[in-house]
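Thanks for making time this morning; I would like to walk you through one model, starting from a turn and working outwards. Please keep the picture in view while I talk.

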Amino acid sequence: METIRIAATTKFTSEMEKLRRTGFHNSSSETSSSDEFDTLSIHVLAIIRDEIIGMIRLTLEPPSVLQTWSGWKAPIPHGEGVIDVTRGIVAKQWRGFDIYKLLMTETMIKAKALNAKIAVAPIEPHFQHRTFLSHIGFQNVGEPLIFNHPPIGDTVGQCLVQRLQKDFGKVTEVRAKIISGERMKNFRVVSTIELR
Ligand SMILES: CC(C)(COP(=O)(O)OP(=O)(O)OC[C@H]1O[C@@H](n2cnc3c(N)ncnc32)[C@H](O)[C@@H]1OP(=O)(O)O)[C@@H](O)C(=O)NCCC(=O)NCCS
């Protein structure tokens with residue numbers, strides 16, 4: 001049985017930078033995966049045996065990550081009360097155990113605890129987890145557009161919006177199903193994210 005710890009931090013370390021750089025399929029090994037938002041954000045981490053094996057970034061606005069990446073063309077709310085959910089990653093050897101799904105539910109719980117009202121996120125239009133994201137309340141807004149985010153560069157992304165208060169019940173329900181599910185049966189989940 002593996003213990004998977006979920007925790008949030010404002011520190012962005014070289015270990016986290018490496019996980020992201022090596023996990024994104026098209027980022028070169030020489031170019032840093034860090035950007036100006038990393039030190040302004042909260043990172044929700046999945047940790048196994050003291051190693052960070054997954055993370056998702058939360059950036060409370062201002063600044064707006066999605067508006068910066070889209071050149072202010074994203075058709076979504078921005079400003080106070082909005083939180084950007086970006087840079088989700090799970091280490092290759094730990095994929096397929098529902099760790100991303102668990103981390104997303106924990107991330108939404110953390111976003112609500114930070115008093116954000118609306119979460120916004122970009123996904124690639126054919127992202128494999130779009131149905132899962134709809135189950136926790138994320139809805140498409142507008143048509144896909146170009147996001148320019150270093151070091152990857154131009155990517156077509158679909159904007160998603162979630163109402164943290166209204167969709168909280170869905171998040172906790174899905175989280176409970178993931179933890180008791182078949183793919184997590186060999187994991188014990190210990191979370192320091194506040195469930196309120
Ligand atoms: C996208 C990503 C975060 C998903 O992480 P993950 O922890 O493997 O996802 P989960 O285990 O929660 O999801 C399980 C899904 O992965 C599939 N899967 C199973 N084994 C897998 C494996 N070895 N590798 C990848 N996916 C696998 C399952 O079929 C399942 O799909 P389903 O729920 O439709 O049946 C991960 O693939 C990743 O880091 N990719 C690179 C970065 C990226 O694209 N991030 C998205 C930014 S929005």
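Let me begin at the hairpin that S2 and S3 form with two residues between them, where arginine 49, in the turn, has a positive phi of about 50°. Before going further, I should say that this is a predicted model, in which local features need pLDDT of at least 70 and side-chain atom pairs count only at pLDDT 80 or more, while totals for chains, interfaces and linings use all residues. Residues are numbered from 1 along each chain as its sequence is written. When I say helix or strand, I mean DSSP runs, of H or I with at least four residues for helices and of E with at least two for strands, numbered from the N terminus. Two strands pair, in the sense used here, if DSSP finds at least two bridges between them.

Back at the hairpin, S2 and S3 run antiparallel and are joined by seven bridges, and one of the pairs puts histidine 43 with its bridge partner in S3, arginine 57. S2 is also joined to S1, again antiparallel, by six bridges. Along that seam, isoleucine 6 has alanine 46 of S2 as its bridge partner, and isoleucine 4 stands opposite isoleucine 48 in S2.

What is the sense of the pairing between S1 and S8? Those two strands pair in the parallel sense, over five bridges, and arginine 5 stands opposite valine 190 in S8.

If we now step back to the sheet as a whole, eight strands form an open sheet in the order S6-S7-S5-S4-S3-S2-S1-S8, with mixed pairing. The edge strands are S6, residues 139-149, and S8, residues 187-191, each of which pairs on one side only. Neighbouring strands of this sheet are turned by 25° against each other on average, with direction ignored; axes here are lines fitted to C-alpha atoms, for helices over the stretch in contact, and angles run from 0 to 180 degrees between N-to-C directions.

At the S6 edge, S6 and S7 (residues 153-163) pair in the antiparallel sense over eight bridges, and these two strands form a hairpin with three residues between them. Histidine 149 stands opposite glycine 153 in S7, while phenylalanine 147 has threonine 155 of S7 as its bridge partner.

Turning to the helices, H3 (residues 99-113) lies across S1, S2, S3, S4, S5 and S8, and runs at about 35° to S3. The axes of H3 and H5 (residues 168-179) come within 9 Å and cross at roughly 145°. On the H3 side the contact is made by Lys101, Leu102, Thr105, Met108, Ile109 and Lys112, and on the H5 side by Phe168, Val171, Val174, Arg175 and Ile178, where two residues are in contact if their C-beta atoms, placed from the backbone, lie within 7 Å.

One loop residue deserves a moment, namely proline 125, which is found between S5 and helix H4 (130-135). Is proline 125 buried or exposed? Proline 125 counts as exposed because it has 11 C-beta neighbours inside 10 Å; by the rule used, a residue is buried if 20 or more other C-beta atoms, placed from the backbone, lie within 10 Å of its own, exposed if 12 or fewer, and partly exposed in between. Leaving aside residues up to four places away in sequence, proline 125 touches Pro144, Val156 and Gln158.

Finally, the overall picture: the protein has five helices and eight strands, running from the N terminus as β-α-β-β-α-β-α-β-α-β-β-α-β. The radius of gyration, taken over C-alpha atoms, is 16 Å, close to the 16 Å that the globule rule gives for 196 residues, so the protein is as compact as a globular protein of that length; that rule is 2.2 Å times the number of residues to the power 0.38. Of the 196 residues, 36% count as buried. Among contacts between residues at least 6 apart in sequence, 71% join residues at least 24 apart.
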